Amino acid sequence: MNPASNYIRFGTDGWRAVIAEDFTFSNVRVCAQAAADYLTRTGLSQKGLLIGYDTRFASADFAVSAAEVISANGIKVKLCSKATPTPVISYGVTTLETGGAIVITASHNPPQWNGFKFKSESGASAPVETISRIEERANQLLDGGQIKRMPFNEALEQNLVSYLDLTSFYNERMAKLVDLEMLRNSGLNIVADPMFGAGIGYFKELLGGGNVTFSEINDQPDPSFPGIKQPEPIAPNLKSLAKEVKRKGATIGLATDGDADRLGIIDENGNFLTQLQVFALLALYLLEIRNQRGVIVKTITATSMLYHLGKLFNVPVLETPVGFKHVAPLMIKENALIGGEESGGYGFRGHIPERDAILAGLYFLDFMVKTGKTPSELLEHLYNKVGPHHYDRLDIDFPEEERTTITKRLIKAKPDALSGIRVTKKDTFDGFRFTLADDSWLLVRFSGTEPLLRIYAESDSPSRVEKMLEAGRNIAGV
């Protein structure tokens, strides 16, 4: 196979493919060998590697397969003994001081998918240059190259592979970042939805033992993710959580995606808070309640409310393309206060430069307790500072052969106005973005992990957002 064919392609966060079609044991071994070669060439192999996995079909088996390859290259492996959230694995990298981590997960993708993420020695999503090297090497190996492999039992016997459970390390870290005792005795009524994924039980263990009323739904691992299209914590997938919050008179609903690096929030009325609202609220919490200052890093799809907060609190706001592989290096370089993206992934200074839905959820609860406000009241508090902002996204399947035609339409598009507001700027920073005179925006871009066209819009009312999304669909011709 010609490497230029890019058969194994790492997108915005790792390589993902359909199980048994392209995501096979042989291809996972190829990626693992490419990662081993990278570690060897950079001198990081001496530090060993952490390998974890989620609750998807055969994830544990794929992780073992990767461990067989890494250990055959003389690199010691710490293998998670159970399905583990990606942020817990990322924190494990920094605690154990390994050369990085492999995580077998497709995060929020539909059940037929699985994936291969590589974390750097900082615990963050590996930067573009690292991923490019691993991707290039993987495709060279596909074209003909040696894949080393040691039988798993032999690797265990030689102490090249050992099991570990990272839960206690991680929970101790959470106790240092948040006053868990205060949260446990806050009297909140919380419903959690780990969406059948790796986050099962984490909020329960961290918040149990006080006077909090806590319940959890979808709390048994199930790789088919019954009742939802995919384990992504967005409104269409959280209807059960919204119903449960209303049925139990809960204060809040907290949802985590398949590998627990993305957070979704349902307010006390059963309404979904958009990821953009939550990002702005978490930034406000750090700025106003914790009185911290520092750079805010946002992806192109994240909220413009952050620019308003930046002006109010005199902190810089920097923008990146979509993907935490772009956010993390900038967070490290700038010692950023918070970094986040539209998908519901948020990272925080003083922890790891990586998305952590569990910590984000704890911070949100702390915001509620410190202010005595419900989620809807916190949103009103935010709007009093930055004005109302509403957001939504359309995900549209399209035939791959139509990609070029759709792209040509988007290149040619030069609308004078959208939903009655003048278009002041069009840019192609990451996709095709149209900025309006009132700072509303529309973005059309192809997903980096799935065959989807994504259309995003943020404006001052839900009805205007809906009109802008429809305009985006018309522009793309889909």
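The chain holds 16 helices and 22 strands. The model examined here is a predicted one, and a convenient place to start is its overall form. Along the principal axes, the C-alpha trace spans about 65 × 60 × 40 Å. The radius of gyration is 22 Å, which agrees with the value near 23 Å that a compact globule of 478 residues would have. Of the 478 residues, 61% count as buried. Contacts that reach far along the sequence are plentiful too: among those between residues at least 6 apart, 69% join residues at least 24 apart.

Turning to the surface, the accessible area of the chain comes to about 17900 Å², and carbon and sulfur atoms account for 47% of that area. As for charge, there are 52 positive and 57 negative side chains. The centres of these two sets lie 3 Å apart.

The interior is worth a visit next. The largest nonpolar core has 110 residues, and the members that touch the most others are I51, F116, F118, L309, F364 and L382. For I51, contacts beyond the neighbours within four places in sequence are made with A63, A66, A67, I70, V77, K78, L79, C80 and I102. A second core, separate from the one just described, comprises 22 residues; L442, F446, I475 and A476 are among them.

Three asparagines deserve a closer look. N189 lies in strand 8, which covers residues 189-193. With a relative accessible area of 14%, N189 falls under the 20% cut-off and is therefore buried. Outside its neighbours within four places in sequence, N189 is in contact with T213, as well as with K248, G249, A250, T251 and I252.

The other two asparagines bring the backbone into view. Most residues other than glycine have a negative phi. N291, however, has a positive phi of about 55° without being a glycine. This residue sits in the loop between helix 10 (275-289) and strand 13 (296-299). N291 counts as exposed because its relative accessibility is 56%, and the cut-off for that class is over 50%.

N335 likewise departs from the usual sign, with a positive phi near 50°. Its place is in the loop that runs between helix 12 (324-334) and strand 15 (338-340). Is N335 buried, partly exposed or exposed? At 48% relative accessibility, N335 counts as partly exposed, since that class takes in values between the 20% and 50% limits.

Technical notes:
Residues are numbered from 1 along each chain as its sequence is written. This is a predicted model: local features need pLDDT of at least 70, side-chain atom pairs count only at pLDDT 80 or more; totals for chains, interfaces and linings use all residues. Side-chain values use heavy atoms; hydrogens and water are left out. A nonpolar core is a set of buried Ala, Val, Leu, Ile, Met, Phe, Trp, Tyr and Cys residues joined through side-chain atoms within 4.5 Å. Buried means under 20% relative accessible area, exposed over 50%, partly exposed in between (1.4 Å probe, protein chains only). Contact means heavy atoms within 4.5 Å. Helices (H or I, at least four residues) and strands (E, at least two) are DSSP runs, numbered from the N terminus. The radius of gyration is taken over C-alpha atoms; the globule rule is 2.2 Å times the number of residues to the power 0.38. Accessible areas come from the Shrake-Rupley method with a 1.4 Å probe; for residues, only the protein chains shown count as cover. Lys and Arg count as positive and Asp and Glu as negative; His and the chain ends are not counted. The place of a charge is taken as NZ of Lys, CZ of Arg, CG of Asp or CD of Glu.
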